[in-house]
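Biologist: I should like to learn how helix packing and internal space are read from a model. Could we begin with the handedness of a helix crossing?

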Amino acid sequence: MALIFFSLLTIALEFLYLRGVTPFNFSYPAVFNFGDSNSDTGGLAAGIAFPVGPPNGQTYFLKPSGRFCDGRLIIDFLMDTMGVSPLNSYLDSVGAPSFERGCNFATGGSTILPANANSISPFSFRIQVAQFVRFKARVLELLAKDKKLRKFLPSEDSFRQGLYMFDIGQNDLDAALYSKSEDQVTALIPTILAELEIGIKTLYNEGARNFWIHNTGPLGCLPRIIAIFGKDPSTLDEVGCVKVHNHAAMLFNTQLHSLSMKFQEQLPESNVTYTDIFSIKFNLISNFSQLGFKQPLSACCGYGGPPLNFDTRIACGETKNLNGTLVTAKPCNNTDEYVNWDGNHYTEAANLFISSQILSGKYSGPASIDEYPIFSWLQVE
């Protein structure tokens with residue numbers, strides 16, 4: 001199955017070559033990733049023993065792999081294009097993991113703002129950056145003592161020449177929209193991004209030069225959000241997504257793009273790439289049938305049936321007594337027909353499509369360039 005999916009990715013990229021689109025040459029000596037569940041390869045499961053049990057992982061790994069998905073994530077496919085193994089989590093020490101080609105600091109539930117008592121993950125962005133600083137110092141210390149460790153640890157040059165990836169911020173907006181008005185959330189965005197700015201500048205001072213910043217996806221299109229905030233049809237857009245949540249995401253992305261441009265201007269040796277994940281995912285959901293999917297807004301693994309197959313009382317894989325009946329949130333039979341996996345995260349099939357779009361080069365570019373058609377939504381006010 002791994003060969004089948006990788007072949008599909010290769011075919012997609014060859015098609016883009018024929019269309020005159022230049023794909024990215026995604027090749028770096030190491031990758032250091034910071035984020036939330038969208039790119040968590042086992043951090044939360046290892047860090048706080050968060051239960052990520054079956055049927056997670058069933059499509060590719062054939063067992064739970066610490067990922068909130070039936071299979072691989074976007075970052076897994078990106079690493080595939082470099083011909084290397086998936087990134088190991090910084091927090092997962094069992095099994096003698098290799099960090100030669102990088103390290104993943106992302107954990108599910110993480111926010112940019114510092115975690116609080118209600119946070120799922122205590123590993124906010126500032127903590128992840130601090131973990132990297134310690135990781136780098138420890139690696140250089142160990143390499144100085146034993147050169148044989150080069151097989152397991154990134155070289156000193158890899159820290160400067162490597163890629164630093166970021167996909168975080170969705171949970172900040174998600175949490176805020178539960179208790180704040182849209183105007184209050186809008187007013188909070190500069191504070192969120194100020195925290196991101198501090199972290200990225202810290203990494204720059206540590207020698208990081210290549211930054212790849214993913215904007216946040218269409219939060220209002222998640223089945224969980226629709227189930228909770230979309231009961232009134234007037235709150236939904238023409239696709240069926242919650243308008244307020246998507247608008248907040250677009251406002252966040254507008255300011256994130258401006259911050260990315262600021263990095264490019266103020267950090268003289270930086271190479272900043274801004275990737276429009278929002279447009280890729282929204283295009284997938286809006287044009288699902290043309291792209292080979294059948295269910296854009298229904299969770300594959302959930303309970304409740306159409307149209308969302310999501311119930312806030314029971315998570316994917318759980319068995320509970322609801323209203324006197326013992327029920328299980330089971331996975332669908334054909335995961336490749338679904339965009340959404342569990343009401344909150346995307347399926348492997350969706351992640352494969354998203355990855356191909358990222359690598360196509362159509363949705364990414366230097367942060368100083370905003371002429372791409374994909375950035376048309378940046379005019380939102």
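Modeller: A crossing is left-handed if the near helix is turned anticlockwise from the far one by less than a right angle, and right-handed if clockwise. In this predicted model, the crossing of α6 and α7 is right-handed.

Biologist: Which residues make the contact between α6 and α7?

Modeller: On α6 the contact involves Asp 172, Leu 173, Ala 176, Leu 177 and Ser 179, and on α7 it involves Gln 184, Val 185, Leu 188, Ile 189 and Ile 192. By class, seven of the contact residues are nonpolar, two are polar and one is charged.

Biologist: At what angle do α6 and α7 pack, and how far apart are their axes?

Modeller: Helix α6 spans residues 170–179 and helix α7 residues 182–205; they pack at about 150 degrees, with axes 10 Å apart. Angles over 145 degrees count as roughly antiparallel, and α6 and α7 are therefore roughly antiparallel to each other.

Biologist: Let us turn to empty space. How is it found in general?

Modeller: Rolling a probe the size of a water molecule over the atoms shows where empty space is left. Here the largest pocket holds about 1,200 Å³ of space.

Biologist: Which residues are the closest to the centre of the largest pocket?

Modeller: They are Gly 109, Ile 120, Asn 171, Arg 224 and Asn 344, out of 44 residues that line the largest pocket. The lining comprises 20 nonpolar, 15 polar and nine charged residues.

Biologist: What do the two helices supply to the lining of the largest pocket?

Modeller: Each of α6 and α7 supplies at least two residues of this lining. Helix α6 gives the most, with eight residues.

Biologist: How many cavities of 30 Å³ or more are there?

Modeller: The count comes to four cavities of 30 Å³ or more. The largest cavity has about 80 Å³ of space. Its lining is formed by Ser 37, Asn 38, Phe 68, Leu 73, Ile 74, Lys 281, His 345, Tyr 346, Asn 351 and Ile 354. Of the residues lining the largest cavity, five are nonpolar, four are polar and one is charged.

Biologist: What lines the second largest cavity?

Modeller: The second largest cavity, with about 60 Å³ of space, is lined by Asn 33, Asn 38, Ser 39, Ile 74, Ile 75, Leu 78, Met 165, Asp 167 and His 214. Helix α3 (74–81) and strand β3 (163–167) each supply at least two of the lining residues, and α3 gives the most, with three. This lining divides into four nonpolar, four polar and one charged residue.

Conventions
Residues numbered from 1 in each chain as written. Predicted model: local features only at pLDDT ≥ 70, side-chain atom pairs only at ≥ 80, totals over all residues. Heavy atoms only, no water. Axes fitted to C-alpha atoms, helices over the stretch in contact; angles between N-to-C directions. Helix = DSSP H or I, 4+ residues; strand = E, 2+ residues; numbered from the N terminus. Parallel < 35°, antiparallel > 145°, perpendicular 65-115°, else oblique. Contact = heavy atoms within 4.5 Å. Nonpolar A, V, L, I, M, F, W, Y, C, P; charged D, E, K, R; others polar. 1 Å grid on protein atoms, 1.4 Å probe; cavity = no way out; pocket = protein on both sides within 12 Å on 5 of 7 lines; lining within 4 Å. Points joined across faces, edges and corners; volume = space filled by probe spheres on them.
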